[in-house]
Amino acid sequence: MADALLYLTERDVVSALNIPRAIDALADMLVAQAREQARNLPKTLATWGEGSSMHALGSVQTGQGGYAGFKTWVHTKAGGGSVFSLFDAETGTLRAIIEARALGMLRTAAISGVATRALAPADATQAALIGTGPQAVTQLAALAAVRPLRQVRVYSPTPEKRRAFVNSVAAKYDFEIVESPDLAHALAGAQIVTLITRAVEPFIDAAMLADCRHLNAVGAILPAKAEFSQDVFGLADEVVVDDLENARKGSRELRERFGSDGAPWQGVSVLGQWLADGQTRSPEARLTIFKGMGMGLSDLAMARVVHEHARAHGLGVALPPQTRENLLLAQP
């Protein structure tokens, strides 16, 4: 089975990865990127209709035992799907096809966890989670994995959805999880704020973040969408992104602040370089902002762990390896 092409399901992914393991794997991959041992292919996307979109992300980790891969996905109002194709970076052999919904949720949460661990005050105990969609479950787990939380306040516009979310997660943690009736209640006292919404227009401004010391803005990843207003940048000592090229292409918030004409962005750092340089949060910092856009290396870090776990534990469906023979030449 070691040389087989593996088809790995969502269940295989979940059995191989938890949030702490995902955070550590991604942190290692980001450091490799900063040391020029891994790199991204910029995201490509197309949109059509009313909110439909298709995306592709690529990445490669070089050196012995390295992998290359592509995540591709389509989102429509009627649903969507995603898959990760994992290749051996030395031989070009396709090693695995991985169902990528859970993979994507884990890497999106893991990047918030890495950023929060690196940038947020070490003693932060109060957090706010804005958004209660499917991604919110793992975002909450990432916060819990890296900070000694005492309370998380949760808000989304639909009372029934936020109440159901709180009820579904409250028993899983030893800190208090509170349903907030409005944004003001959710943000009051919150030292860490995570935004994971599908907002089209900014709904958070500087005045609302009076108590915030670290902001994760990871919901708006298309150039037509934004979660926070421009005056928030006036509070920030550090603005950090997961991938600069993807942010330049897709972050409305950063494009409006730093420009969309291709000129260099001054004052924006990359998380991998921050980690590789051993940087830490300044004691005098007022606010740090992390803007996560999604990048191929995040998915590759997850896919590598899943594939190696699957091989070690006999998981997945073994498929015939791809042939190297040109069958067209054999036709009469």
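**Asp182 and the two sheets of the predicted model**

Asp182 is partly exposed, because its relative accessibility is 36% and the partly exposed class lies between under 20% (buried) and over 50% (exposed). The model is predicted. Asp182 sits in the loop that links strand 9 to helix 6 (183-187). Its side chain makes polar contacts with backbone nitrogens of that helix. The backbone nitrogen of Ala184 is reached at 3.3 Å. For the backbone nitrogen of His185, the distance to a polar atom of the Asp182 side chain is 2.8 Å. Ser156 is 26 residues away from Asp182 in sequence, yet the two C-alpha atoms are 8.0 Å apart.

Strand 9 belongs to an open sheet of eight strands. The strand order is 9-8-7-10-11-14-12-13, and the pairing is parallel. Strand 9 (176-179) and strand 13 (268-270) are the edges; each has a single partner strand, so one side of each lacks a neighbour in the sheet. From one strand to the next, the twist averages 20 degrees. Strand 12 (residues 238-241) pairs with strand 14 (residues 288-291) through four bridges, in the parallel sense. Within strand 14, Phe290 is the residue opposite Val240.

Two helices lie across this sheet. Helix 3 (residues 101-119) crosses strand 10 (192-195), strand 11 (214-217), strand 12 and strand 14. It runs at about 165 degrees to strand 11. Helix 4 (residues 134-146) lies across strand 7 (126-130), strand 8 (151-155), strand 9, strand 10 and strand 11. The angle between helix 4 and strand 7 is about 165 degrees.

A further open sheet holds seven strands in the order 2-3-4-5-6-1-15. Its pairing is mixed. Strand 2 (38-48) and strand 15 (317-319) form the edges, each pairing on one side only. Neighbouring strands are turned against each other by 15 degrees on average, direction ignored. Strand 3 (residues 52-61) and strand 4 (residues 67-76) are antiparallel partners, joined over eight bridges. Val60 has Ala68 of strand 4 as its bridge partner.

Helix 3 also packs on this seven-stranded sheet. It touches strand 3, strand 4, strand 5 (79-88) and strand 6 (94-99), and its direction makes about 105 degrees with that of strand 4. Helix 10 (residues 296-313) packs on the sheet as well. Its contacts are with strand 1 (5-8), strand 2, strand 3, strand 4, strand 5 and strand 6. The direction of helix 10 makes about 70 degrees with that of strand 3. Helix 3 thus touches strands of the eight-stranded sheet and strands of the seven-stranded sheet.

Notes
Residues are numbered from 1 along each chain as its sequence is written. This is a predicted model: local features need pLDDT of at least 70, side-chain atom pairs count only at pLDDT 80 or more; totals for chains, interfaces and linings use all residues. Side-chain values use heavy atoms; hydrogens and water are left out. Two strands pair if DSSP finds at least two bridges between them. Axes are lines fitted to C-alpha atoms, for helices over the stretch in contact, and angles run from 0 to 180 degrees between N-to-C directions. Contact means heavy atoms within 4.5 Å. Buried means under 20% relative accessible area, exposed over 50%, partly exposed in between (1.4 Å probe, protein chains only). A polar contact is a pair of N or O atoms within 3.5 Å; within protein, one must be able to donate a hydrogen and the other to accept it, and residues adjacent in sequence count only if both atoms are side-chain atoms.
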